[in-house]
Amino acid sequence: MNPFQKNESKETLFSPVSIEDVPPRPPSPPKKPSPKICGSNYPLSIAFIVVNEFCERFSYYGMKAVLILYFLYFLHWNEDTSTSIYHAFSSLCYFTPILGAAIADSWLGKFKTIIYLSLVYVLGHVIKSLGALPILGGQVVHTVLSLVGLSLIALGTGGIKPCVAAFGGDQFEEKHAEERTRYFSVFYLSINAGSLISTFITPMLRGDVQCFGEDCYALAFGVPGLLMVIALAVFAMGSKIYNKPPPEGNIVAQVFKCIWFAISNRFKNRSGDIPKRQHWLDWAAEKYPKQLIMDVKALTRVLFLYIPLPMFWALLDQQGSRWTLQAIRMNGNLGFFVLQPDQMQVLNPLLVLIFIPLFDFVIYRLVSKCGINFSSLRKMAVGMILACLAFAVAAAVEIKINEMTPAQPGPQEVFLQVLNLADDDVKVTVVGNENNSLLIESIKSFQKTPRYSKLHLKTKSQNFHFHLKYHNLSLYTEHSVQEKNWYSLVIREDGNSISSMMVKDTESKTINGMTTVRFVNTLHKDVNISLSKDTSLNVGEDYGVSAYRTVQRGEYPAVHCRTEDKNFSLNLGLLDFGAAYLFVITNNTNEGLQAWKTEDIPANKMSIAWQLPQYALVTAGEVMFSVTGLEFSYSQAPSSMKSVLQAAWLLTIAVGNIIVLVVAQFSGLVQWAEFILFSCLLLVICLIFSIMGYYYVPVKTEDMQGPGDKQIPHIQGNMINLETKKTKL
């Protein structure tokens with residue numbers, strides 16, 4: 001960029017003189033025609049840009065698909081903290097585009113901005129992947145690496161977001177406007193293709209591949225990182241054939257300065273002797289040209305309608321957080337395919353690709369033929385209502401899941417089950433007046449207790465005395481318990497008599513929908529059990545009890561086991577979603593070594609398919625709200641303000657994510673009540689938005705095009721046309 005262009009750009013942006021006083025540019029040297037694709041009018045350079053966008057979107061959405069489960073299972077944060085950090089990251093991704101646009105328009109230009117911030121993007125992925133390696137440090141190291149990596153990723157993805165599509169538009173000559181329009185369609189398709197494929201594949205890398213004996217988050221983050229490296233390499237390969245316009249000034253900064261000057265000037269001239277002006281922005285007339293002030297006036301009318309919009313994004317963006325957390329407590333077995341909880345997010349890009357042509361070519365046309373004036377603001381209001389209904393359905397699903405979930409022990413309560421591993425019936429009684437017999441009938445040998453029994457405590461911790469009747473023997477035993485915990489009273493043979501041991505289950509039980517197993521070894525030798533290639537555990541001899549281990553859902557017909565002098569296999573059968581299993585290894589004289597199986601916690605019963613209605617409703621709402629909202633707002637503002645509108649639109653998404661963060665962290669509501677809260681809040685916002693839309697008078701396009709439009713500063717250049725084309729997406 002030569003100094004003359006830089007100085008001219010500053011004069012155009014900030015000089016108080018009229019635009020007509022700006023000196024004319026010197027004639028530009030003739031440009032060398034860029035190579036075309038197969039003799040068409042499409043520049044070869046856009047091929048590199050489209051491939052770059054596909055890889056970058058694969059990288060971003062693939063990483064984000066498994067992010068909430070990474071927080072929950074790997075970093076061991078609770079659901080509220082995981083949700084808060086997830087939406088803090090999402091919000092940051094929509095704040096940083098303003099920074100990226102400012103850097104590109106005022107300093108480096110689009111090409112260098114994309115290159116430099118892509119390097120930051122790649123570095124973020126590398127750090128994030130390192131933070132997912134269990135062997136690298138402890139909890140604090142993993143947390144620090146994860147947060148640093150996510151911050152760099154947010155800066156990278158947000159910074160290049162406003163530059164890549166615009167840079168692609170710069171590759172076209174003005175006479176090829178039709179080809180440029182088709183390019184944006186292909187560009188939009190690459191975004192959805194990258195999102196669709198990555199959201200389906202990355203959860204498989206996480207769940208179907210084992211690393212260090214657990215889900216392979218390092219691979220699930222590493223593959224998207226590799227795709228970002230490919231995106232950067234492909235983009236850099238086209239460097240020599242790109243059309244690289246120099247930075248020409250940031251219209252967003254110009255608008256902010258105009259508004260600030262108007263406010264400060266009005267404050268300085270608040271004396272009653274000074275005549276009032278028709279509009280508060282007219283107080284900027286001393287410094288800024290009339291055309292800019294008129295454009296900002298039109299802009300503020302649209303921005304006023306943006307005030308209620310963040311609430312919609314607060315609901316829409318919970319698909320990757322709260323809805324995924326809901327899915328982990330559901331059964332992903334669809335019969336023909338087993339879905340991972342985080343794979344349900346693939347429904348959104350898939351349904352978007354289906355609904356956009358369905359609404360444009362079928363539904364909207366049918367409504368029009370019925371004589372209904374389905375204006376843009378009405379479409380947006382209907383989109384909000386559909387999102388409300390989606391969260392009402394999500395709340396109903398959540399309530400049904402809770403009904404199928406075992407109850408939790410409350411204050412001064414414990415849940416106790418009895419496992420009789422002796423060779424005959426045992427009668428168990430709790431000594432005391434407050435707790436009667438655990439079971440009305442005796443517990444048969446190796447009989448699964450129908451349910452946990454609730455015991456009431458007098459204090460937070462208490463010693464219980466149990467009376468055991470076995471054959472002609474009457475035994476008393478004492479065990480200590482603490483409130484709000486689950487326990488198993490294991491009764492075993494001890495020569496001609498029996499003995500008991502109390503096993504605490506609370507900290508080891510299945511959490512958040514994971515499948516877990518534990519073993520009791522009745523043999524007189526230690527047993528090593530290989531649950532998978534990377535997962536094994538040792539169970540001590542003579543009724544040793546292992547801790548719970550998480551495993552993948554699936555069939556386990558032949559689990560390899562060994563003692564010091566023997567190898568054997570155990571058939572564990574189907575280990576289903578959300579269940580906690582207890583296996584007792586026994587040596588049956590007739591059948592050899594076997595595993596007696598019982599469920600501590602039953603498997604998830606509600607199918608994950610019940611989430612389909614809420615995904616369909618919220619995606620339909622997104623199509624009606626998002627696509628229509630951008631189209632409407634762009635039609636209501638002058639062409640010079642398109643980039644400002646885009647920045648404001650992204651800011652509404654950022655604010656929406658902050659709303660979720662605040663509610664998740666401070667509401668303290670149970671999940672179904674939180675869903676109802678969001679649904680009701682959006683319904684109220686929809687009512688307010690409808691009232692605002694009722695009194696809004698739409699501006700016709702021809703009304704915004706006056707003589708001044710021909711005098712728009714040259715700093716806008718192709719960016720105006722480019723942004724206009726982007727609105728059609």
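**Salt bridges, a nonpolar surface patch and cavities**

Lysine 297 counts as partly exposed because its relative accessibility is 23%, on a scale where buried means under 20% relative accessible area, exposed over 50% and partly exposed in between (1.4 Å probe, protein chains only). The structure is a predicted model, in which local features need pLDDT of at least 70 and side-chain atom pairs count only at pLDDT 80 or more, whereas totals for chains, interfaces and linings use all residues. Residues are numbered from 1 along each chain as its sequence is written, and side-chain values use heavy atoms, with hydrogens and water left out.

The side chain of lysine 297 meets that of aspartate 282 in a salt bridge, with 2.7 Å from N to O. This pair links distant parts of the chain, 15 residues apart, with lysine 297 in helix H10 (residues 290-305) and aspartate 282 in the loop between helix H9 (251-268) and H10. Aspartate 282, at 18% relative accessibility, counts as buried. A salt bridge is here a side-chain nitrogen of Lys or Arg within 4 Å of a carboxyl oxygen of Asp or Glu, and helices (H or I, at least four residues) and strands (E, at least two) are DSSP runs numbered from the N terminus.

By the salt-bridge rule the count comes to 16. One of these joins the side chains of aspartate 170 and lysine 110, at 3.2 Å from N to O. Aspartate 170 belongs to helix H6 (residues 139-170) and lysine 110 to helix H5 (residues 110-130), so this contact ties together parts that are 60 residues apart in sequence. Both partners fall in the buried class, aspartate 170 with 3% relative accessibility and lysine 110 with 15%.

A further salt bridge is formed between the side chains of aspartate 576 and arginine 553, with an N to O distance of 3.1 Å. Here, too, distant parts of the chain are linked, 23 residues apart: aspartate 576 lies in the loop between strand E18 (573-575) and strand E19 (580-588), and arginine 553 in the loop between strand E14 (549-551) and strand E15 (554-556). Aspartate 576 is buried at 13% relative accessibility, whereas arginine 553 is partly exposed, its relative accessible area being 24%. In addition, Glu53, Glu56 and Arg57 are joined into one network by salt bridges that share partners.

Arg57 also belongs to the lining of the largest cavity, where Arg57, Tyr61, Tyr94, Ile191 and Glu622 lie nearest the centre among 44 lining residues. A cavity is a set of points on a 1 Å grid where a 1.4 Å probe fits but cannot get out, and lining residues have an atom within 4 Å of a point. The structure holds 5 cavities of 30 Å³ or more, and the volume of the largest is about 1,400 Å³. Helix H2 (residues 45-65) supplies the largest share of this lining, 7 residues. By residue class, the lining of the largest cavity divides into 24 nonpolar, 11 polar and 9 charged residues.

On the surface, Leu92, Phe95, Val655, Ile658, Val662 and Phe666 make a nonpolar patch of about 510 Å², a patch being built from residues with over 30% relative accessible area and no salt bridge, with nonpolar side chains joined within 5 Å and like charges within 9 Å. Helix H4 (79-108) and helix H16 (642-666) each contribute at least two residues, and H16 provides the largest share, 4 residues. Phenylalanine 666 is found in helix H16 and counts as exposed because its relative accessibility is 67%.

Note on methods. Accessible areas come from the Shrake-Rupley method with a 1.4 Å probe; for residues, only the protein chains shown count as cover. On a 1 Å grid over the protein atoms alone, a cavity is a set of points where a 1.4 Å probe fits but cannot get out, and a pocket is an open set with protein on both sides within 12 Å along at least five of seven lines; lining residues have an atom within 4 Å of a point. Grid points are joined across faces, edges and corners, and a volume is the space filled by probe spheres set on the points. Ala, Val, Leu, Ile, Met, Phe, Trp, Tyr, Cys and Pro count as nonpolar, Asp, Glu, Lys and Arg as charged, and the others, Gly among them, as polar.
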